[in-house]
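Consider the following structure with a view to deriving its local geometry step by step. Each exercise sets a task and then works through the solution.

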Amino acid sequence: MMADERTNGYKSGSNLEKVLRAGYFAATGELGPPQSADPQEIVHKAHLLKGVVDAVNITDNQTAIVRMSSIASAVLVMSQGLEPTIQMTCRDRNRLAIQSDLLGAYALGARNLLCLTGDHQSFGNHPTAKNVHDLDSIQLIRMVRDMRDEHRFQCGDEIKGVWPRFFIGAAANPFGDPFEFRPYRLVKKVAAGVDFIQTQLIYDIPRFREFMKRVVDTGLHEKVYILAGVGPLKSAGAARYMRDKVPGMIVQEEYVTRMDGAVAGIPKEDKKGRKEAWQREGIQICIEQIQEIREIEGVAGVHIMAIEWEEAVRPIMEGAGLLPRPTFPAEPAPAEAVG
Amino acid sequence: MIVGEQKSLEEIMNLLGDARKVLVVGCGTCVTVCFAGGEKEVGILASALRMKSKLDGHPMEVDEATVQRQCEWEYIDPLRERLQDYDAVLSLACGIGVQAMNERFADRVTLPGLNTTFLGLPEKQGLWEERCQACGDCILGITFGICPIARCSKQLLNGPCGGSQRGVCEVNPDIPCAWQLIWERATQLGQVERLLEIQPPKNWSRSRDGGPRKIVREDLQLETGE
């Protein structure tokens with residue numbers, strides 16, 4: 001790879017890239033922006049995750065519900081000393097809008113980017129909207145890679161001056177169908193230029209193990225960092241909902257049983273007691289999952305999704321023995337930085 | 001073929017407004033085959049309009065006509081004289097037919113009685129499915145004869161999204177996942193390796209995104225006199 005003085009030989013120079021490159025078991029989190037223009041919600045959530053994870057994904061109109069923009073939220077997150085990973089979907093923007101937003105995001109200091117297809121708008125609060133899908137996620141990865149490594153826009157024009165250098169991520173769903181296609185899809189994402197992968201929430205470790213075996217057999221784990229997606233279950237009902245209602249998700253029966261067992265003996269009227277018992281068990285299951293997943297060959301870290309329950313991430317990280325997080329000496333500000 | 005679906009009687013009544021003398025014009029091609037706007041449907045709708053307007057206390061005089069193809073001048077031109085007798089014309093053709101009527105007979109308003117739905121086929125009796133989006137740049141040669149532009153909810157070109165499960169689309173379990181079908185066909189033909197090739201961003205300028213399209217074939221054009 002061509003060295004770049006702006007990033008000291010790193011592709012982007014982001015904290016997440018440094019953690020992974022140094023061989024640490026990485027941990028990323030997730031932060032959902034508010035359905036309002038309130039910056040305080042982001043500041044509050046950022047404090048719950050600061051020093052706990054290496055970078056935090058900022059969702060992009062997640063589940064097709066309008067929220068504060070990922071890039072604007074990322075700037076607020078950075079102001080709190082936490083590194084963001086911008087999420088960008090192909091649902092809401094065409095290639096012009098995506099490139100222009102990414103130039104802006106880089107100029108504002110963002111360095112990690114997750115490239116996604118995007119949930120269909122029929123799931124969200126504007127089901128009559130027109131979608132875009134000018135590009136798919138693999139074409140998006142290739143476009144961002146070319147902006148970084150070839151200094152070219154998608155059309156082929158040269159980017160004169162500062163080009164955006166993102167650490168490029170993508171999602172993978174080891175539980176989606178056709179199951180046999182999934183490793184191919186990963187091969188394509190790697191060929192398109194992805195640097196790291198965050199998987200869909202895992203509640204079926206045997207199937208994930210099988211997926212990872214195929215990944216390792218083809219040597220893909222040496223070309224891309226794979227972060228396994230985990231998340232604490234909030235209640236037995238939540239486990240059932242994910243098992244029965246969420247597309248592309250498989251939940252093993254064992255987790256539903258354990259969540260049911262967590263409230264055994266607590267009367268139904270004791271709502272607080274049941275909630276706390278469920279939360280303790282949800283966090284405990286998540287800790288055990290991380291420990292189990294960490295032993296699987298080829299896994300470079302975990303991506304902890306605790307949307308609207310950011311408080312859970314610290315006890316999970318502590319319980320899994322992943323704190324404190326590695327830090328790196330500050331580097332001189334890049335030449336193009338403002339101020 | 002072009003598949004259409006009749007608008008509700010209520011919407012049609014609203015569109016017709018104060019018109020007292022109406023001609024319902026069907027089309028003998030695609031919309032006849034999909035049971036939406038042929039001679040038979042014209043008859044049924046005309047009866048419904050007569051009854052509804054009578055019940056509403058403002059009886060409407062409704063006549064019927066069906067032409068072989070409402071999208072060709074030579075078939076609609078013979079209607080010219082007849083249209084003079086009506087306040088409004090209601091077309092049960094696709095959107096092309098409705099526009100052809102308005103373009104040809106500028107002094108009469110032709111209203112749409114159908115919603116033109118998609119380009120598709122009757123999968124079986126009573127079931128029509130979309131198959132083509134007329135994107136102007138056919139990729140069926142690289143997707144094993146199954147079109148992800150028309151049949152994938154996100155028009156993906158490089159494989160299924162994470163929402164494909166048990167062969168169906170996350171948007172609706174009634175929609176087969178196009179990429180599941182493509183994968184199965186590729187497997188059947190022993191050519192899954194071909195799906196590893198990264199398909200570049202599509203040239204949408206050949207689709208509607210490039211503006212309204214036209215085809216000029218000078219070899220077919222007739223010399224016009226002075």
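The exercises below treat strands, cores, helix packing and backbone geometry in turn.

The model is predicted: local features need pLDDT of at least 70, side-chain atom pairs count only at pLDDT 80 or more, and totals for chains, interfaces and linings use all residues. Residues are numbered from 1 along each chain as its sequence is written, while chains are lettered from A and ligands numbered from 1 in the order in which they are written.

**Exercise 1. Determine the surroundings of strand β2 of chain B.**

Step 1. Helices (H or I, at least four residues) and strands (E, at least two) are DSSP runs, numbered from the N terminus. Two strands pair if DSSP finds at least two bridges between them.

Step 2. Strand β2(B) runs parallel to strand β3 (residues 61–67) of chain B, and seven bridges join them. Within β3(B), B:V62 is the bridge partner of B:V22.

Step 3. β2(B) is also joined by four bridges to strand β4 (residues 88–91) of chain B, again in the parallel sense. Here B:V22 stands opposite B:A88.

Step 4. A residue is buried if 20 or more other C-beta atoms lie within 10 Å of its own, exposed if 12 or fewer, and partly exposed in between, with C-beta atoms placed from the backbone. Six of the seven residues of β2(B) (residues 21–27) are buried, so the strand is largely enclosed by the rest of the structure.

**Exercise 2. Establish the strand order of the open three-stranded sheet of chain B.**

Step 1. The order is β1-β6-β7, with antiparallel pairing. The edge strands are β1 (2–6) and β7 (127–132) of chain B, each of which pairs on one side only.

Step 2. On average, neighbouring strands of this sheet are turned by 70° against each other, direction ignored. Axes are lines fitted to C-alpha atoms, for helices over the stretch in contact, and angles run from 0 to 180 degrees between N-to-C directions.

Step 3. Strand β6 (residues 114–124) of chain B pairs with β7(B) over five bridges. One of the bridge partners in β7(B) is B:C132, which is matched with B:L119.

**Exercise 3. Which residues touch the most other members of the largest nonpolar core?**

Step 1. A nonpolar core is a set of buried Ala, Val, Leu, Ile, Met, Phe, Trp, Tyr and Cys residues joined through C-beta atoms within 7 Å.

Step 2. The largest core has 88 residues, and A:C115 and A:V144 touch the most other members. The greatest contribution to this core, seven residues, comes from α10(A).

Step 3. Two residues are in contact if their C-beta atoms, placed from the backbone, lie within 7 Å. Not counting residues up to four places away in sequence, the contacts of A:C115 include A:M88, A:L140, A:V144 and A:I168.

**Exercise 4. Describe the packing of helix α9 against α10 in chain A.**

Step 1. Helix α9 (residues 253–262) and α10(A) pack at an angle of about 145°, and their axes are 8 Å apart.

Step 2. From α9(A), A:Y255, A:R258, A:M259 and A:A262 meet A:A277, A:W278, A:E281 and A:I285 of α10(A). The contact has six nonpolar, no polar and two charged residues; Ala, Val, Leu, Ile, Met, Phe, Trp, Tyr, Cys and Pro count as nonpolar, Asp, Glu, Lys and Arg as charged, and the others, Gly among them, as polar.

Step 3. A:G261 is also found in α9(A). It is exposed, with 12 other C-beta atoms within 10 Å.

**Exercise 5. Where do A:T63 and A:P178 lie, and what is unusual to record about the backbone there?**Step 1. A:T63 lies in the loop between β2 (55–58) and α3 (70–79) of chain A. Although A:T63 is not a glycine, its phi is positive, about 50°. A:T63 is partly exposed, with 15 other C-beta atoms within 10 Å.

Step 2. A:A64 is placed in the loop between β2 and α3 of chain A. Its phi is near 60°, a positive value in a residue other than glycine. A:A64 is buried, with 20 other C-beta atoms within 10 Å.

Step 3. A:P178 is found in the loop between β5 (167–172) and α6 (182–192) of chain A. The peptide bond from A:D177 to A:P178 is cis, with omega near -10°.
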